[in-house]
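Me: I am new to this structure and would like a close look at a single part, the place where the helices meet. Could you walk me through that part in one connected answer?

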Amino acid sequence: MIKNFRRKGLQQFFQLGVTAGIQAKHAAKLSRQLAQLNQANQVDDMNILGWICTL
């Protein structure tokens, strides 16, 4: 689950769908990644093939 954000633009995108704080071309990928992060209960939940995850 997502507890907080470092970047206000990313938080607004996640909560409201506003793309003003991010590069619009990244919106689709960010949306998928944020959804997965929000559903994750533990670090291993983010170990997805094709995603670079350095923890």
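Reply: Happy to help; here is the meeting of the helices, followed by the core and a few residues around it.

Please keep in mind that this is a predicted model, in which local features need pLDDT of at least 70 and side-chain atom pairs count only at pLDDT 80 or more, while totals for chains, interfaces and linings use all residues. Residues are numbered from 1 along each chain as its sequence is written, and side-chain values use heavy atoms, with hydrogens and water left out.

The chain has two helices and zero strands; helices (H or I, at least four residues) and strands (E, at least two) are DSSP runs, numbered from the N terminus. Helix α1 covers residues 8-16, and its axis comes within 11 Å of the axis of α2, crossing at roughly 80°. Axes here are lines fitted to C-alpha atoms, for helices over the stretch in contact, and angles run from 0 to 180 degrees between N-to-C directions. That crossing makes α1 roughly perpendicular to α2, a label given to angles of 65 to 115 degrees, with those under 35 roughly parallel, those over 145 roughly antiparallel and the rest oblique.

Who does the touching? From α1 come Leu10, Phe13 and Phe14, and from α2 come Ala27, Leu30, Ser31, Leu34 and Asn38; contact means heavy atoms within 4.5 Å. These residues divide into six nonpolar, two polar and no charged, where Ala, Val, Leu, Ile, Met, Phe, Trp, Tyr, Cys and Pro count as nonpolar, Asp, Glu, Lys and Arg as charged, and the others, Gly among them, as polar.

Now for the largest nonpolar core, which consists of six residues: Phe5, Phe13, Ile22, Ala27, Leu30 and Leu34. Helix α2 (residues 27-39) gives the largest share of this core, three residues. Such a core is a set of buried Ala, Val, Leu, Ile, Met, Phe, Trp, Tyr and Cys residues joined through side-chain atoms within 4.5 Å. Buried means under 20% relative accessible area, exposed over 50% and partly exposed in between (1.4 Å probe, protein chains only). Leaving aside residues up to four places away in sequence, Ile22 touches Gly9, Leu10, Phe13, Ala27 and Leu30.

Lys8 is also in helix α1, and at 62% relative accessibility Lys8 counts as exposed. Its C-alpha atom is separated by 7.3 Å from that of Gly21, 13 residues apart along the chain. Over the 55 residues of the chain, buried residues make up 16%.
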